[in-house]
Amino acid sequence: MNYLSVENIAKSYGERELFSNISFGINEGQKVGFVAKNGTGKTSLLNILSGSDTPDEGKVIYRNDIQVAFLSQEPNLDPHLTIEQTIFSSENPTLKIIENYEKALKNPEDADALQKAMDEMESHNAWDFETTYKQILFKLNLEDLEAEVKNLSGGQKKRLALARMLLKKPDFIILDEPTNHLDLDMIEWLEEYFRKEDFTIFMVTHDRYFLERVCNEIIELEDGKLYTYKGNYSYYLDKKEERHQLDQTNTDKAQQLYKKELEWMRRQPKARTTKSKSRIEDFHEIKHRASQRRKDHKVQLELNMERLGSKIVELHNISKELGGKQLIRNFDYNFKKGERLGIIGKNGTGKSTFLNMLTGNLKPDTGKIVVGETVKFGYYTQKGIEIKPGQKVIEVIREFGDYIPLKKGRQISAEQLLERFLFDRKKQYDYVEKLSGGEKKRLYLCNVLIQNPNFLILDEPTNDLDVLTLNVLENFLLDFPGCVIVVSHDRYFMDKIVDHLFVFEGKAEITDFPGNYTDYREYSESKKNSEPKPVEKKAKENTWRDESTGSKLSYKEQKEFGKLEKEITKLEKEKEEIQKEFLKDLNGEEIKKTSVKLQSVEDEIEEKTIRYFELMEKMES
């Protein structure tokens, strides 16, 4: 069943064309992720689909009998209502059913009306509405139902708008960066909710794990053309690479043909026969194809970073209390060269406070922080770039000079640097206030990096950045020789960049975990499933570094033990399949190869089984 048809739409702002002749359709049950570079019109397309904007050309057609909901990045809520009043003021069909039931209760003599109202309550599960909305608000950390909207933070407003939308149970949902302002637990809950519920979804998000686990189709806008991939994010990456390889092959062939036809054109045949005129026309088409270049820009920076000394940053017994709440207590840590640290934890557990103390913007209540003489911080905050009225993109970078020094005595101009950050020469002379949200974040990122820091602190750097820019940033950070601290709810980004985590547990507890985010989640799940004996708490902060106690398994051993049983089962099945091969009519050489293969699998089963019982014995001792 078709829910939405988009037919030949176009949108421009002045001379700037965002897209033209765009067409696609969405059917019931599809969960579509829309991927495009910043500044190419993602938000404009969502606004057109939601009805808050109109296309310059073409039309958008919805099926008449479906309910559509739109979650924008900046929700429009009544500031004078409370959280609970906001839920009940929405145009929610379930609320209408409850209202009709309450009216019927006031007029009990009309038995038919009361029975009809009760049937409606039953068919729409309206009896459980109060429990449902309170559960959703709890999951989204909006437990104070009497809090007024005007006193909420931007993130709380976004979460309230999300809760109100989910409670409507619409047929078709349009989402603009739904994971922004959600912590990791909320994102995983929302991910599972969308997977289980029978929604049809069209979304823009930079969260690649979210795309991977929720979407069953990806639509990409690249160079003004739409490409559709019938699968999740991994499938999209594979097929996109195949398409680019095919495009490159076709371009190479066109270039060879172009050289051949160019020689013919240069001979300038005098007799312009119909055949030769046709060949001349074909030549211009070949020339166009041969000149095609893939626009996969790469940011390649070799900034002239000052080397870090032996002393980097030392935290000595620091504590901090804010608003009567203890956030950090008696914490010690020494940073090492090349350290890549991720920070996770629920909102309000002290993550930003920790970063502000690290950079000197806040002083600890007790203890001291010693920063090495060679350390130069680069701090990317959630506030973003400060926009000066009338300032152009190029002027932001030129504040640091017309040329920026690189390694080995080389230098790069401000224009060249911006090009490497995906701002072409024309875009460099746009006013900063005209940039999209993602483009402003990209400019801010460039602004931080060109100051040649050797200790980078990135607080939610992935918000509003497109997937291409995220790949560019990841590649830069993987090659960055200094220290990196990342606070992010982007699990894919965190997994790729960090080596260990500070987990802000709440109640002033900070745990140092040796692994990335996925490792931490696996550890947490294994911890939930097991029932460890109670251990005496230490006064010092907890740590999950690999320290075996003899009678218990270390984290790595727990992980290994969990995998061994699955691996042994898989090998046993493989052994059965190989044994079936001997029932076939094999020649001498085939029998020899199959026997070798069988022996190899049996040896592996024996080796893994021995290790399995070793770990089991250690666990039970």
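**Ring cluster and cavities**

Q: Which residues do ring pairs link into a cluster?
A: In this predicted model, ring pairs join F331, Y333, F335, F354, F377, F455, F502 and F504 into a cluster.

Q: How many aromatic pairs does the structure hold?
A: It holds 25 aromatic pairs. F331 and F502 form an edge-to-face one, 5.4 Å centre to centre with 85 degrees between the planes.

Q: Where in the chain do F331 and F502 sit?
A: F331 is in strand β11 (residues 325–334) and F502 is in strand β19 (residues 500–506). They are 171 residues apart, so the pair links distant parts of the chain.

Q: Buried or exposed, F331 and F502?
A: F331 and F502 are both buried.

Q: Why is the pair of F354 and F504 edge-to-face?
A: Their planes stand at 70 degrees, and over 60 counts as edge-to-face. The ring centres are 5.8 Å apart. This pair also links distant parts of the chain: F354 in helix α11 (residues 351–358) and F504 in strand β19, 150 residues apart.

Q: Are those two buried or exposed?
A: F354 is buried, at 1% relative accessible area. F504 is buried too, at 3%.

Q: New topic. How many cavities of 30 Å³ or more?
A: There are 2. The second largest holds about 60 Å³ of space.

Q: Which element gives the most to the lining of that second largest cavity?
A: Strand β3 (residues 31–36), with 3 residues. The lining includes F34, V35, A36, K42 and E177. By type, it splits into 6 nonpolar, 2 polar and 3 charged residues.

Q: What sits over the ring of Y209?
A: The charged end of R213, 4.6 Å from the ring centre. R442 lies over the face of F423, at 4.9 Å from that ring's centre.

Notes
Residues are numbered from 1 along each chain as its sequence is written. This is a predicted model: local features need pLDDT of at least 70, side-chain atom pairs count only at pLDDT 80 or more; totals for chains, interfaces and linings use all residues. Side-chain values use heavy atoms; hydrogens and water are left out. On a 1 Å grid over the protein atoms alone, a cavity is a set of points where a 1.4 Å probe fits but cannot get out, and a pocket is an open set with protein on both sides within 12 Å along at least five of seven lines; lining residues have an atom within 4 Å of a point. Grid points are joined across faces, edges and corners, and a volume is the space filled by probe spheres set on the points. Helices (H or I, at least four residues) and strands (E, at least two) are DSSP runs, numbered from the N terminus. Ala, Val, Leu, Ile, Met, Phe, Trp, Tyr, Cys and Pro count as nonpolar, Asp, Glu, Lys and Arg as charged, and the others, Gly among them, as polar. Rings of Phe, Tyr and Trp (its six-membered ring) pair if their centres lie within 6.5 Å; planes under 30 degrees apart count as stacked, over 60 as edge-to-face and the rest as tilted. Buried means under 20% relative accessible area, exposed over 50%, partly exposed in between (1.4 Å probe, protein chains only). A charge sits over a ring if NZ of Lys or CZ of Arg is within 6 Å of the ring centre and within 35 degrees of the ring normal.
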